[in-house]
Amino acid sequence: MSILAIETSCDDTCAAVVSRDGEVLANVISSQGVHDRYGGVVPEIASRHHLELTGAVVDDALQQAGTTLAQLDAVAVTQGPGLVGALLVGVATAKSLAAAHGLPLIPVDHLHGHVAASFLQPGPIEPPFLILIASGGHTLLAHVKDHGPNWEVLGSTRDDAAGEAFDKGARLLGLGYPGGPALQKLAEEGDATAFRFPVAAQVPGLDFSFSGLKTALLYKVRELGEEEAARRRADLAASFQRAIVETLARRVERAREQTGIERLAIGGGVAANGPLRERMRALAPDLHVPPRELCTDNAAMIASAARFLDPLPYPSYLRLDAYATGER
Ligand code: KG4
Ligand code: ZN
(Lines give C-alpha, C1' and ligand atoms only; values in the text may rest on other atoms or scores of the structure.)
(Ligands and ions follow the chains in the order given, each with its own letter.)
Protein backbone atom coordinates (compact mmCIF):
# COMPACT_ATOMS: atom_id res chain seq x y z
CA MET A 1 0.00 0.00 0.00
CA SER A 2 1.40 3.40 -0.89
CA ILE A 3 0.88 7.14 -1.30
CA LEU A 4 1.26 9.33 -4.38
CA ALA A 5 2.48 12.85 -3.54
CA ILE A 6 2.67 16.02 -5.62
CA GLU A 7 4.92 18.99 -4.74
CA THR A 8 4.78 22.26 -6.70
CA SER A 9 5.59 24.90 -4.09
CA CYS A 10 8.37 26.61 -6.05
CA ASP A 11 10.00 25.89 -9.42
CA ASP A 12 10.38 22.10 -9.29
CA THR A 13 7.49 19.96 -10.51
CA CYS A 14 7.65 16.82 -8.38
CA ALA A 15 5.70 13.59 -7.96
CA ALA A 16 6.62 10.52 -5.94
CA VAL A 17 5.25 7.22 -4.71
CA VAL A 18 6.25 6.07 -1.23
CA SER A 19 5.20 2.91 0.59
CA ARG A 20 3.62 2.96 4.05
CA ASP A 21 6.92 1.90 5.62
CA GLY A 22 8.84 4.72 3.96
CA GLU A 23 10.39 3.08 0.94
CA VAL A 24 10.74 5.46 -2.02
CA LEU A 25 9.22 3.63 -5.02
CA ALA A 26 9.51 6.62 -7.38
CA ASN A 27 10.80 10.18 -6.97
CA VAL A 28 10.43 12.29 -10.12
CA ILE A 29 11.71 15.88 -10.19
CA SER A 30 11.40 18.12 -13.21
CA SER A 31 13.40 21.31 -12.68
CA GLN A 32 12.33 24.37 -14.63
CA GLY A 33 15.66 25.65 -15.97
CA VAL A 34 13.82 28.64 -17.48
CA HIS A 35 14.26 30.78 -14.35
CA ASP A 36 18.06 30.90 -14.49
CA ARG A 37 18.12 33.74 -16.99
CA TYR A 38 16.07 35.95 -14.63
CA GLY A 39 18.38 35.31 -11.67
CA GLY A 40 15.51 33.93 -9.58
CA VAL A 41 12.15 32.21 -9.77
CA VAL A 42 9.43 34.09 -11.67
CA PRO A 43 6.13 33.03 -10.02
CA GLU A 44 3.93 33.35 -13.14
CA ILE A 45 6.33 31.31 -15.22
CA ALA A 46 6.61 28.68 -12.49
CA SER A 47 2.81 28.22 -12.38
CA ARG A 48 2.54 27.92 -16.13
CA HIS A 49 5.26 25.28 -16.28
CA HIS A 50 3.69 23.30 -13.44
CA LEU A 51 0.44 23.25 -15.46
CA GLU A 52 2.26 21.79 -18.44
CA LEU A 53 4.42 19.32 -16.52
CA THR A 54 2.38 17.97 -13.61
CA GLY A 55 0.39 15.38 -15.59
CA ALA A 56 3.48 13.87 -17.19
CA VAL A 57 5.48 13.91 -13.95
CA VAL A 58 2.67 12.07 -12.12
CA ASP A 59 2.45 9.50 -14.95
CA ASP A 60 6.23 8.96 -14.79
CA ALA A 61 6.13 8.45 -11.03
CA LEU A 62 3.30 5.89 -11.25
CA GLN A 63 5.07 4.07 -14.06
CA GLN A 64 8.42 3.97 -12.23
CA ALA A 65 6.70 2.68 -9.11
CA GLY A 66 4.93 0.05 -11.22
CA THR A 67 1.56 1.04 -9.79
CA THR A 68 -1.72 2.61 -10.80
CA LEU A 69 -3.87 5.16 -9.01
CA ALA A 70 -6.41 2.44 -8.25
CA GLN A 71 -3.80 0.57 -6.19
CA LEU A 72 -2.89 3.55 -4.00
CA ASP A 73 -3.98 4.41 -0.43
CA ALA A 74 -4.14 8.15 -0.81
CA VAL A 75 -2.99 11.22 -2.73
CA ALA A 76 -0.88 13.78 -0.83
CA VAL A 77 0.00 17.32 -1.84
CA THR A 78 1.98 20.30 -0.57
CA GLN A 79 -0.58 22.85 0.59
CA GLY A 80 1.94 25.56 1.57
CA PRO A 81 3.97 27.59 2.26
CA GLY A 82 5.30 28.60 -1.13
CA LEU A 83 4.27 30.45 -4.28
CA VAL A 84 0.50 30.37 -4.14
CA GLY A 85 -0.07 30.13 -7.89
CA ALA A 86 2.43 27.28 -8.13
CA LEU A 87 0.91 25.46 -5.12
CA LEU A 88 -2.59 25.77 -6.59
CA VAL A 89 -1.58 23.70 -9.62
CA GLY A 90 -0.51 20.84 -7.36
CA VAL A 91 -3.54 21.16 -5.10
CA ALA A 92 -6.01 21.20 -8.03
CA THR A 93 -4.28 18.22 -9.66
CA ALA A 94 -4.27 16.23 -6.41
CA LYS A 95 -7.94 16.97 -5.76
CA SER A 96 -8.96 15.85 -9.26
CA LEU A 97 -6.90 12.66 -9.13
CA ALA A 98 -8.21 11.76 -5.67
CA ALA A 99 -11.82 12.52 -6.55
CA ALA A 100 -11.66 10.65 -9.86
CA HIS A 101 -10.22 7.52 -8.23
CA GLY A 102 -12.13 7.55 -4.96
CA LEU A 103 -9.03 8.20 -2.85
CA PRO A 104 -8.64 10.34 0.27
CA LEU A 105 -6.43 13.43 0.13
CA ILE A 106 -3.67 14.39 2.58
CA PRO A 107 -2.58 18.05 2.62
CA VAL A 108 1.03 18.46 3.79
CA ASP A 109 3.03 21.44 5.04
CA HIS A 110 6.22 21.88 3.00
CA LEU A 111 8.41 22.12 6.11
CA HIS A 112 6.89 18.96 7.55
CA GLY A 113 8.00 17.42 4.27
CA HIS A 114 11.62 18.56 4.76
CA VAL A 115 11.56 17.10 8.29
CA ALA A 116 9.92 13.86 7.12
CA ALA A 117 12.65 13.30 4.51
CA SER A 118 14.56 11.99 7.53
CA PHE A 119 11.89 9.32 8.12
CA LEU A 120 12.42 7.67 4.72
CA GLN A 121 14.33 4.45 4.09
CA PRO A 122 17.16 3.56 4.21
CA GLY A 123 18.02 4.14 7.87
CA PRO A 124 15.28 6.53 8.99
CA ILE A 125 16.01 8.51 12.16
CA GLU A 126 13.63 8.12 15.10
CA PRO A 127 12.46 11.10 17.19
CA PRO A 128 13.45 12.80 19.41
CA PHE A 129 16.22 14.67 17.59
CA LEU A 130 17.25 18.18 16.57
CA ILE A 131 16.92 19.19 12.95
CA LEU A 132 18.30 22.07 10.92
CA ILE A 133 16.31 22.76 7.75
CA ALA A 134 18.18 25.20 5.54
CA SER A 135 16.75 25.95 2.10
CA GLY A 136 16.13 28.84 -0.25
CA GLY A 137 12.96 29.73 1.62
CA HIS A 138 13.57 28.62 5.21
CA THR A 139 16.10 28.35 7.99
CA LEU A 140 14.61 26.39 10.85
CA LEU A 141 16.16 24.81 13.89
CA ALA A 142 13.68 22.53 15.64
CA HIS A 143 13.27 19.86 18.28
CA VAL A 144 11.39 17.01 16.61
CA LYS A 145 9.46 15.05 19.24
CA ASP A 146 7.37 12.74 17.05
CA HIS A 147 6.62 12.08 13.38
CA GLY A 148 3.86 14.70 13.14
CA PRO A 149 4.06 18.42 12.36
CA ASN A 150 4.23 19.53 16.02
CA TRP A 151 7.96 20.10 16.40
CA GLU A 152 9.19 22.79 18.76
CA VAL A 153 10.75 25.70 16.88
CA LEU A 154 14.03 26.64 18.59
CA GLY A 155 15.24 29.17 16.06
CA SER A 156 14.49 30.57 12.63
CA THR A 157 15.84 33.30 10.40
CA ARG A 158 15.16 36.96 11.09
CA ASP A 159 15.83 37.99 7.50
CA ASP A 160 17.30 35.98 4.61
CA ALA A 161 17.20 32.18 4.56
CA ALA A 162 20.56 30.38 4.42
CA GLY A 163 20.00 29.31 0.80
CA GLU A 164 19.01 32.86 -0.08
CA ALA A 165 22.31 34.07 1.44
CA PHE A 166 24.16 31.59 -0.79
CA ASP A 167 22.15 32.74 -3.82
CA LYS A 168 22.66 36.46 -3.14
CA GLY A 169 26.37 36.00 -2.39
CA ALA A 170 26.75 34.03 -5.59
CA ARG A 171 25.08 36.79 -7.55
CA LEU A 172 27.45 39.39 -6.07
CA LEU A 173 30.32 37.18 -7.26
CA GLY A 174 28.86 36.97 -10.76
CA LEU A 175 27.70 33.36 -10.50
CA GLY A 176 24.42 32.02 -11.94
CA TYR A 177 21.21 30.95 -10.20
CA PRO A 178 20.80 28.89 -8.06
CA GLY A 179 23.99 30.10 -6.48
CA GLY A 180 24.61 27.55 -3.72
CA PRO A 181 26.16 24.75 -5.80
CA ALA A 182 28.15 27.23 -7.96
CA LEU A 183 29.48 29.06 -4.91
CA GLN A 184 30.51 25.79 -3.25
CA LYS A 185 32.39 24.79 -6.41
CA LEU A 186 34.21 28.12 -6.70
CA ALA A 187 35.02 28.03 -2.97
CA GLU A 188 36.90 24.76 -3.43
CA GLU A 189 39.69 26.73 -5.14
CA GLY A 190 39.77 29.46 -2.47
CA ASP A 191 41.13 30.14 1.00
CA ALA A 192 38.32 30.25 3.57
CA THR A 193 40.46 32.28 5.99
CA ALA A 194 41.36 34.99 3.45
CA PHE A 195 38.55 37.34 4.56
CA ARG A 196 36.74 37.70 7.87
CA PHE A 197 32.98 37.92 7.47
CA PRO A 198 30.58 38.34 10.42
CA VAL A 199 29.22 35.20 12.06
CA ALA A 200 25.80 36.36 13.38
CA ALA A 201 27.38 37.60 16.61
CA GLN A 202 24.72 40.27 17.10
CA VAL A 203 21.76 37.85 17.14
CA PRO A 204 20.94 36.46 20.59
CA GLY A 205 19.32 33.08 21.26
CA LEU A 206 18.95 30.50 18.53
CA ASP A 207 17.76 32.70 15.68
CA PHE A 208 19.72 33.29 12.49
CA SER A 209 20.48 36.43 10.52
CA PHE A 210 22.20 36.56 7.15
CA SER A 211 21.50 40.04 5.81
CA GLY A 212 24.56 41.57 7.55
CA LEU A 213 26.76 38.94 5.98
CA LYS A 214 25.46 39.69 2.51
CA THR A 215 26.11 43.41 3.07
CA ALA A 216 29.62 42.65 4.34
CA LEU A 217 30.37 40.80 1.11
CA LEU A 218 29.00 43.67 -0.96
CA TYR A 219 31.22 46.18 0.87
CA LYS A 220 34.25 43.92 0.57
CA VAL A 221 33.74 43.58 -3.19
CA ARG A 222 33.43 47.37 -3.51
CA GLU A 223 36.48 47.95 -1.33
CA LEU A 224 38.62 45.59 -3.39
CA GLY A 225 37.51 47.12 -6.67
CA GLU A 226 36.32 45.23 -9.72
CA GLU A 227 39.65 43.81 -10.85
CA GLU A 228 40.94 42.68 -7.47
CA ALA A 229 37.54 41.28 -6.48
CA ALA A 230 37.46 39.27 -9.71
CA ARG A 231 40.99 37.98 -9.09
CA ARG A 232 40.12 36.90 -5.54
CA ARG A 233 36.66 35.55 -6.29
CA ALA A 234 37.47 32.05 -5.01
CA ASP A 235 38.81 33.42 -1.70
CA LEU A 236 35.70 35.59 -1.32
CA ALA A 237 33.45 32.60 -2.05
CA ALA A 238 35.30 30.34 0.40
CA SER A 239 35.29 32.94 3.20
CA PHE A 240 31.63 33.77 2.62
CA GLN A 241 30.64 30.10 2.62
CA ARG A 242 32.60 29.55 5.82
CA ALA A 243 30.70 32.38 7.53
CA ILE A 244 27.33 30.84 6.58
CA VAL A 245 28.42 27.36 7.71
CA GLU A 246 29.82 28.76 10.99
CA THR A 247 26.62 30.74 11.67
CA LEU A 248 24.55 27.57 11.24
CA ALA A 249 26.95 25.38 13.20
CA ARG A 250 27.17 27.67 16.23
CA ARG A 251 23.40 27.81 16.61
CA VAL A 252 23.16 24.03 16.34
CA GLU A 253 25.93 23.67 18.90
CA ARG A 254 24.09 25.98 21.30
CA ALA A 255 20.78 24.14 20.74
CA ARG A 256 22.43 20.84 21.61
CA GLU A 257 23.80 22.32 24.82
CA GLN A 258 20.47 23.89 25.79
CA THR A 259 18.29 20.85 25.08
CA GLY A 260 20.76 18.10 25.91
CA ILE A 261 19.63 16.35 22.73
CA GLU A 262 22.60 15.08 20.78
CA ARG A 263 20.99 13.41 17.80
CA LEU A 264 21.01 15.70 14.82
CA ALA A 265 19.55 15.67 11.32
CA ILE A 266 19.89 18.24 8.54
CA GLY A 267 17.69 18.85 5.52
CA GLY A 268 16.69 21.38 2.86
CA GLY A 269 18.68 22.29 -0.25
CA VAL A 270 21.62 23.77 1.68
CA ALA A 271 22.17 20.38 3.36
CA ALA A 272 23.66 19.37 -0.01
CA ASN A 273 26.60 21.67 0.83
CA GLY A 274 29.79 19.67 1.42
CA PRO A 275 31.50 21.92 4.00
CA LEU A 276 28.23 22.23 5.95
CA ARG A 277 27.91 18.45 6.11
CA GLU A 278 31.52 18.15 7.26
CA ARG A 279 31.11 20.79 9.94
CA MET A 280 27.87 19.21 11.23
CA ARG A 281 29.42 15.76 11.20
CA ALA A 282 32.29 17.08 13.31
CA LEU A 283 29.65 18.25 15.83
CA ALA A 284 27.55 15.08 15.69
CA PRO A 285 29.35 12.03 14.32
CA ASP A 286 26.05 10.13 13.83
CA LEU A 287 24.58 13.07 11.85
CA HIS A 288 21.58 12.06 9.78
CA VAL A 289 21.57 13.49 6.24
CA PRO A 290 19.11 12.20 3.65
CA PRO A 291 20.48 11.62 0.13
CA ARG A 292 20.86 14.81 -1.88
CA GLU A 293 17.70 14.29 -3.96
CA LEU A 294 15.68 14.06 -0.74
CA CYS A 295 17.24 17.26 0.69
CA THR A 296 16.28 19.58 -2.16
CA ASP A 297 12.57 19.99 -2.93
CA ASN A 298 10.95 16.67 -3.85
CA ALA A 299 7.63 14.88 -3.46
CA ALA A 300 8.94 11.76 -1.67
CA MET A 301 9.36 13.86 1.49
CA ILE A 302 5.73 15.05 1.13
CA ALA A 303 4.51 11.45 0.84
CA SER A 304 6.65 10.58 3.84
CA ALA A 305 5.03 13.30 5.97
CA ALA A 306 1.58 12.24 4.74
CA ARG A 307 2.08 8.81 6.32
CA PHE A 308 1.78 10.46 9.72
CA LEU A 309 -1.31 12.60 9.02
CA ASP A 310 -5.05 11.87 8.87
CA PRO A 311 -6.40 11.54 5.33
CA LEU A 312 -9.36 13.75 4.40
CA PRO A 313 -12.26 11.83 2.86
CA TYR A 314 -14.17 12.92 -0.26
CA PRO A 315 -15.75 15.50 -0.56
CA SER A 316 -14.33 17.43 2.42
CA TYR A 317 -11.00 18.08 0.70
CA LEU A 318 -12.60 19.85 -2.26
CA ARG A 319 -12.67 23.05 -0.16
CA LEU A 320 -8.94 22.91 0.47
CA ASP A 321 -6.91 25.99 -0.48
CA ALA A 322 -3.18 26.60 -0.83
CA TYR A 323 -1.46 28.98 1.60
CA ALA A 324 1.52 31.18 0.82
CA THR A 325 2.93 31.68 4.32
CA GLY A 326 2.42 30.51 7.89
CA GLU A 327 0.34 27.58 8.96
CA ARG A 328 -2.87 26.01 7.70
O1 KG4 B 1 15.12 23.02 -0.50
P2 KG4 B 1 15.40 23.69 -1.81
O3 KG4 B 1 15.62 22.83 -3.02
O4 KG4 B 1 14.26 24.67 -2.20
C5 KG4 B 1 13.62 25.50 -1.29
O6 KG4 B 1 12.65 25.04 -0.62
O7 KG4 B 1 14.08 26.65 -1.17
O8 KG4 B 1 16.67 24.65 -1.57
C9 KG4 B 1 17.23 25.42 -2.60
C10 KG4 B 1 18.36 26.24 -2.01
C11 KG4 B 1 18.93 27.29 -2.95
O12 KG4 B 1 19.04 28.50 -2.26
C13 KG4 B 1 20.29 26.73 -3.33
O14 KG4 B 1 21.23 27.74 -3.63
C15 KG4 B 1 20.67 25.97 -2.08
O16 KG4 B 1 19.45 25.38 -1.64
N17 KG4 B 1 21.67 24.93 -2.36
C18 KG4 B 1 22.95 24.96 -1.90
C19 KG4 B 1 23.61 23.84 -2.44
N20 KG4 B 1 22.71 23.15 -3.21
C21 KG4 B 1 21.54 23.83 -3.15
N22 KG4 B 1 23.55 25.84 -1.08
C23 KG4 B 1 24.86 25.60 -0.79
N24 KG4 B 1 25.56 24.57 -1.28
C25 KG4 B 1 24.99 23.66 -2.10
N26 KG4 B 1 25.71 22.64 -2.58
ZN1 ZN C 1 11.95 23.37 0.30
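## A ligand shell shared by two domains

Let's start with ligand 1: domain 1 (2-116 + 296-319) and domain 2 (126-287) each give at least three residues to the shell around it. Keep in mind that you're looking at a predicted model.

How many residues surround ligand 1? There are 19, and the closest are Ser135, Gly136, Gly163, Gly180 and Gly269. Sorted by class, the shell around ligand 1 holds six nonpolar, eleven polar and two charged residues. Two helices to look for here are α4 (162-172) and α5 (179-187), since each supplies at least two residues of that shell. Which one gives the largest share? That's α5, with four residues.

Now step back to the chain. It is divided into domain 1 (2-116 + 296-319) and domain 2 (126-287). Their C-alpha centres lie 28 Å apart. Where the two domains touch, eleven residues come from domain 1 and 17 residues from domain 2. On the domain 1 side of this contact, helix α3 gives the most, with four residues. The residues on that side divide into three nonpolar, six polar and two charged.

Helix α3 is worth another look. UniProt, in an unreviewed entry, lists His110, His114 and Asp297 under "binding site". These three span 188 residues in sequence, yet no two of their C-alpha atoms are more than 8.9 Å apart, so they gather at one spot. His110 sits in helix α3 (residues 110-116), and His114 has its place in helix α3 too.

Are these two histidines buried or exposed? A residue counts as buried when 20 or more other C-beta atoms lie within 10 Å of its own. His110 has 23 of them within 10 Å, so His110 is buried. His114 has 30 C-beta neighbours inside 10 Å, so His114 counts as buried as well.

Over in helix α4 you'll find Phe166. Phe166 also counts as buried, because 30 C-beta neighbours lie inside 10 Å. Phe166 and Ala237 are 71 residues apart in sequence, but from C-alpha to C-alpha they are 9.4 Å apart in space.

So which residues do some of these positions touch? The table leaves out neighbours up to four places away in sequence.

| Residue | In contact with |
|---|---|
| His110 | Ser9, Thr78, Gly80, Pro81 and Gly82 |
| His114 | Ile133, Ser135, Gly267, Gly268 and Met301 |
| Phe166 | Gly179, Gly180, Leu183, Ile244 and Val270 |
| Ala76 | Ile3, Ala5, Ile106, Val108, Ile302, Ala303 and Ala306 |

Try tracing a few of these in the structure. Ser135, one of the contacts of His114, is also among the closest residues to ligand 1. Gly180 turns up twice as well: Phe166 is in contact with Gly180, and Gly180 is among the closest residues to ligand 1.

The last row of the table brings us to the core. In soluble globular proteins, nonpolar side chains tend to be buried together. Here, the largest nonpolar core has 102 residues. Which of them have the most contacts inside it? They are Ala5, Ala15, Ala16, Ala61, Ala76 and Ala303. Helix α7 (residues 233-259) gives the most to this core, with ten residues. The core draws at least three residues from each of domain 1 (2-116 + 296-319) and domain 2 (126-287). As for Ala76, its contacts include Ala5 and Ala303, two names you've just met among the residues with the most contacts in the core.

Conventions:
Residues numbered from 1 in each chain as written. Chains lettered and ligands numbered in written order. Predicted model: local features only at pLDDT ≥ 70, side-chain atom pairs only at ≥ 80, totals over all residues. UniProt positions renumbered as here; feature names shortened; annotations may be inferred. Buried ≥ 20, exposed ≤ 12 C-beta atoms within 10 Å, placed from the backbone. Contact = placed C-beta atoms within 7 Å. Near = placed C-beta within 6 Å. Nonpolar A, V, L, I, M, F, W, Y, C, P; charged D, E, K, R; others polar. Domains from an automatic or database assignment. Core = buried A, V, L, I, M, F, W, Y, C linked by C-beta atoms within 7 Å.
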